[in-house]
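Here is a set of exercises to work through with the model open beside you. Try each task before you read its solution.

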Amino acid sequence: MAINRREWIQQSLLASAAMLVAGSTGAYGCASGFRERRIEGEPLQLNWNENPYGPSESAIKAVNEAMKNANRYPDDYIVEVKEKLSKLYSIKPENLLITAGSTEILSLLGQHVGLQKGEILTAYPTFPTMIQFGERAGATIRKVDLDKNNRFELDRLRNAVSNQTSLIFVCNPNNPTGTELPTEDLKSFCRSVPENVLICVDEAYIEYSNAGLDGSMVSLVGEMPNLIICRTFSKTYGLAGLRIGYAISNAININALRNRHLGFELSAGWAPLVAAAATLDDQEFIQMCVSRNNEGKQIVYNAYEQWDVKYDRSSTNFIYTRHDRFDKNVIAKMRERGILITKWPDMHNHIRISIGKPEEMQTFVEVVEDFLV
Ligand SMILES: Cc1ncc(COP(=O)(O)O)c(C=O)c1O
């Protein structure tokens, strides 16, 4: 299913109505219960997979300097960010759409399928934004289980594709499990999907993964008209609060997304664009974040090994942790001690711990030890 622009635009009024009727609690907003609210004071926020090192000094400097241009629309900076991304991934600017976080792309795709009364196929648990938006707009959601290692099981997913399937959502590495797929397996899977089925690969955490950028599906964009990749500057790039992400796909899909999203590509303003451009030029910062994140993870792994807590080795900046060695109210009890961790409703038997700075993970380990059972 290529994205048909006319159909999409015709349905836009219906889309707005569907969203209004369904309510607007945000993609995985507080009201849906997925996110822990911030608490008073300065809690240790190990719940939203934010980068504790960002933004980079280069981003802060660039934003401060750019403020004097904030009276102008940011078109030139969109061009600049696209040029930098094109160079980094050996693609063309027309393969890119810059958005206000990757949430925007996921929600657009979910609505697109929903309005056509199509089916989104995915493995679960995974990042729920597209599913939620799709469901609200009328999509059927088909979920298969993850494999026993909490990874997407590609054969199972492939076997579940039917002539009802409109879009397959693959999150790699996966949130909330932190697991990563072998690059070649995922490439073969993408190539095996019929051309009339869209595939969205969400690569929000790709820089943290073992494969790194080599694990991206970006090299398939030239050959596959049905592939859309979602990326974000919210994680390794340390810019979650500025809201900037992007889609990578063929020019036809990019145009269709562009014509449907808010403000014809002006949803990211000056500040996120200049911050993203500066951080793209500061790959040392990215490397530092990845390597310090590994140090933080190791502190938690060491404690878990010692306590016999089951967990999945993480290719991200969070650890999917079996709940059973901890008090059943560990989340509330940690919160009382000023540390936020999380659990989504569908994360049976698991909690998710985001990785902060090594010293913060040391604190986490010392506090959580009190809640071992
Ligand atoms: C897998 C995944 N995709 C997308 C997002 C959304 O990121 P943003 O909208 O900040 O780009 C997140 C945020 O946590 C995520 O974990």
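The exercises below go from the sheet to the helix pairs, then to the loops and the ligand.

Two notes before you start. This is a predicted model, in which local features need pLDDT of at least 70 and side-chain atom pairs count only at pLDDT 80 or more, while totals for chains, interfaces and linings use all residues. Residues are numbered from 1 along each chain as its sequence is written.

**Exercise 1. The sheet**

Find the order of the strands in the open sheet and name the edge strands.

*Step 1.* Helices (H or I, at least four residues) and strands (E, at least two) are DSSP runs, numbered from the N terminus. Two strands pair if DSSP finds at least two bridges between them.

*Step 2.* Following the pairs gives an open sheet of seven strands, ordered E2-E8-E7-E6-E5-E3-E4, with mixed pairing.

*Step 3.* Strand E2 (96-99) and strand E4 (140-145) are the edges, as each pairs on one side only. From one strand to the next, the twist averages 20°.

*Step 4.* For a closer look inside the sheet, take strand E6 (residues 198-202) and strand E7 (residues 227-232): they run parallel and are joined by four bridges. Here Cys200 stands opposite Ile228 in E7.

**Exercise 2. H4 and its neighbours**

Describe how helix H4 (residues 75-89) lies on the sheet, and how H4 packs with helix H10 (residues 270-280).

*Step 1.* Axes are lines fitted to C-alpha atoms, for helices over the stretch in contact, and angles run from 0 to 180 degrees between N-to-C directions. H4 lies across E2 and strand E8 (245-248), at about 125° to E2.

*Step 2.* The axes of H4 and H10 come within 9 Å and cross at roughly 30°. That makes the two helices H4 and H10 roughly parallel (angles under 35 degrees count as roughly parallel, over 145 as roughly antiparallel, 65 to 115 as roughly perpendicular and the rest as oblique).

*Step 3.* Contacts are counted where C-beta atoms, placed from the backbone, lie within 7 Å. Tyr77, Ile78, Glu80, Val81, Lys84 and Leu88 of H4 meet residues of H10 including Trp270, Leu273 and Leu280.

*Step 4.* Sorted by class, this contact of H4 with H10 has ten nonpolar, no polar and two charged residues (Ala, Val, Leu, Ile, Met, Phe, Trp, Tyr, Cys and Pro count as nonpolar, Asp, Glu, Lys and Arg as charged, and the others, Gly among them, as polar).

**Exercise 3. H11 and H13**

How do the axes of helix H11 (residues 283-307) and helix H13 (residues 358-368) cross?

*Step 1.* The H11 and H13 axes come within 8 Å, crossing at roughly 15°. H11 and H13 are therefore roughly parallel to each other.

*Step 2.* Among the residues making the contact are Arg292, Glu295 and Ile299 of H11, together with Met361 and Phe364 of H13. The contact of H11 with H13 divides into seven nonpolar, two polar and two charged residues.

**Exercise 4. Loops and ligand**

Locate the cis peptide bonds before Pro55 and Pro173, then describe the ligand shell.

*Step 1.* Gly54 and Pro55 are joined by a cis bond with omega about -5°; Pro55 sits in the loop between strand E1 (44-45) and helix H3 (57-66).

*Step 2.* The bond from Asn172 to Pro173 is also cis, with omega near -5°. Pro173 belongs to the loop between strand E5 (165-171) and helix H8 (183-192).

*Step 3.* Around the ligand there are 13 residues, and Gly101, Thr103, Ala204, Thr232 and Ser234 are the closest (a residue is near if its C-beta atom, placed from the backbone, lies within 6 Å). The shell has four nonpolar, eight polar and one charged residues.

How values were computed:
Two residues are in contact if their C-beta atoms, placed from the backbone, lie within 7 Å.
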